[in-house]
Each structure stands twice: as C-alpha cells, then as structure tokens.
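Trainee: I should like to work through the aromatic residues of this protein with you. Could we begin with the model itself?

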Amino acid sequence: QKASWRLRPKVGCCGCKKSPRKRRNIQSEQKMEALSKKLIDTALKLGGTYYLPYRLHATTEQFQKAYPTALEFFQKKRSYDPRSLFQNQFYLKYGNE
C-alpha cells in the first residue's frame with residue numbers, strides 16, 4: 001500500500017470554527033489556548049480530529065493522536081533535509097525530535 005503523507009481529516013466529517021473577536025493579549029491568548037485544548041480533547045474522544053491552525057495550541061500528545069502519520073512525515077522530511085534548512089514554528093513544536 002502506497003503511503004500518503006498528506007495530513008488530512010477523515011472522510012465524512014463535520015466541523016466548527018471559532019473566530020475570536022477579542023484583542024490579542026497575554027490573558028486572552030491563554031484563555032483561547034485553554035479552550036482550544038479542551039475542544040481538541042473533545043474531538044479526539046469522539047474519534048475526530050482538528051484543523052491545523054496557525055496558532056499552535058495543541059499539545060504534542062494531542063497532535064500525535066489526531067495525526068498519527070505525521071511522525072512518518074517528519075522522518076521523511078529529515079531524510080530529505082538532514083540539516084533542517086527548511087523549518088517553521090509548526091515543525092519546531094511538533095516535528096523536531
């Protein structure tokens with residue numbers, strides 16, 4: 001079976017989007033992060049996943065549970081880029097072992 005390295009949600013799913021209207025400050029960001037973690041936990045308990053947003057609120061454990069093939073993807077990335085020339089905050093948090 002050919003491996004698929006795309007990080008995509010399961011087929012036959014629905015979603016919801018949270019769009020905060022608060023200003024970004026330390027206190028509101030902490031509240032948003034706590035809420036995000038709770039929502040991700042709920043989705044995972046129901047057999048679902050979450051969309052990979054630009055805010056990296058998910059814990060590494062939550063990310064790995066939601067996207068189990070990501071570890072293989074990161075290993076493959078390291079084989080092509082052993083000096084980590086190409087990286088971003090997402091890779092540094094979830095893929096940089």
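Mentor: Consider F74 as the starting point: leaving out residues up to four places away in sequence, and taking contact as heavy atoms within 4.5 Å, F74 touches F63, F90, Y91, Y94 and G95. The model is predicted, with local features requiring pLDDT (the predictor's confidence in each residue, from 0 to 100) of at least 70 and side-chain atom pairs pLDDT 80 or more, whereas totals for chains, interfaces and linings use all residues. Residues are numbered from 1 along each chain as its sequence is written, and side-chain values use heavy atoms, without hydrogens and water.

Trainee: What is the mean pLDDT of the protein?

Mentor: Of its residues, 77% reach 70 or more. Among the elements, α2 has the highest mean, 96, and α1 the lowest, 92; helices here are DSSP runs of H or I, at least four residues, numbered from the N terminus. For the protein, the mean pLDDT is 84.

Trainee: Is F74 buried or exposed?

Mentor: Buried means under 20% relative accessible area, exposed over 50%, and partly exposed in between, with a 1.4 Å probe and protein chains only. F73 has 33% relative accessibility and therefore counts as partly exposed. F74 has 2%, so F74 counts as buried.

Trainee: How many residues make up the largest nonpolar core?

Mentor: A nonpolar core is a set of buried Ala, Val, Leu, Ile, Met, Phe, Trp, Tyr and Cys residues joined through side-chain atoms within 4.5 Å. Here the members include I40, L44, F63, F74 and Y91. Helices α1 (26-45), α2 (60-66), α3 (70-80) and α4 (89-94) each supply at least two residues of this core. The full count of the core is 11 residues.

Trainee: Which kind of ring pair do F73 and F74 form?

Mentor: Rings of Phe, Tyr and Trp (its six-membered ring) pair if their centres lie within 6.5 Å; planes under 30 degrees apart count as stacked, over 60 as edge-to-face and the rest as tilted. The structure holds 9 aromatic pairs. The rings of F63 and F74, with centres 6.2 Å apart and planes at 35 degrees, are therefore tilted. For F73 and F74 the centres are 5.7 Å apart and the planes at 65 degrees, so the pair is edge-to-face.

Trainee: Where is S84 found?

Mentor: Most residues other than glycine have a negative phi. Phi of S84 is near 55 degrees, a positive value. S84 counts as buried because its relative accessibility is 18%. Its place is the loop between α3 and α4.
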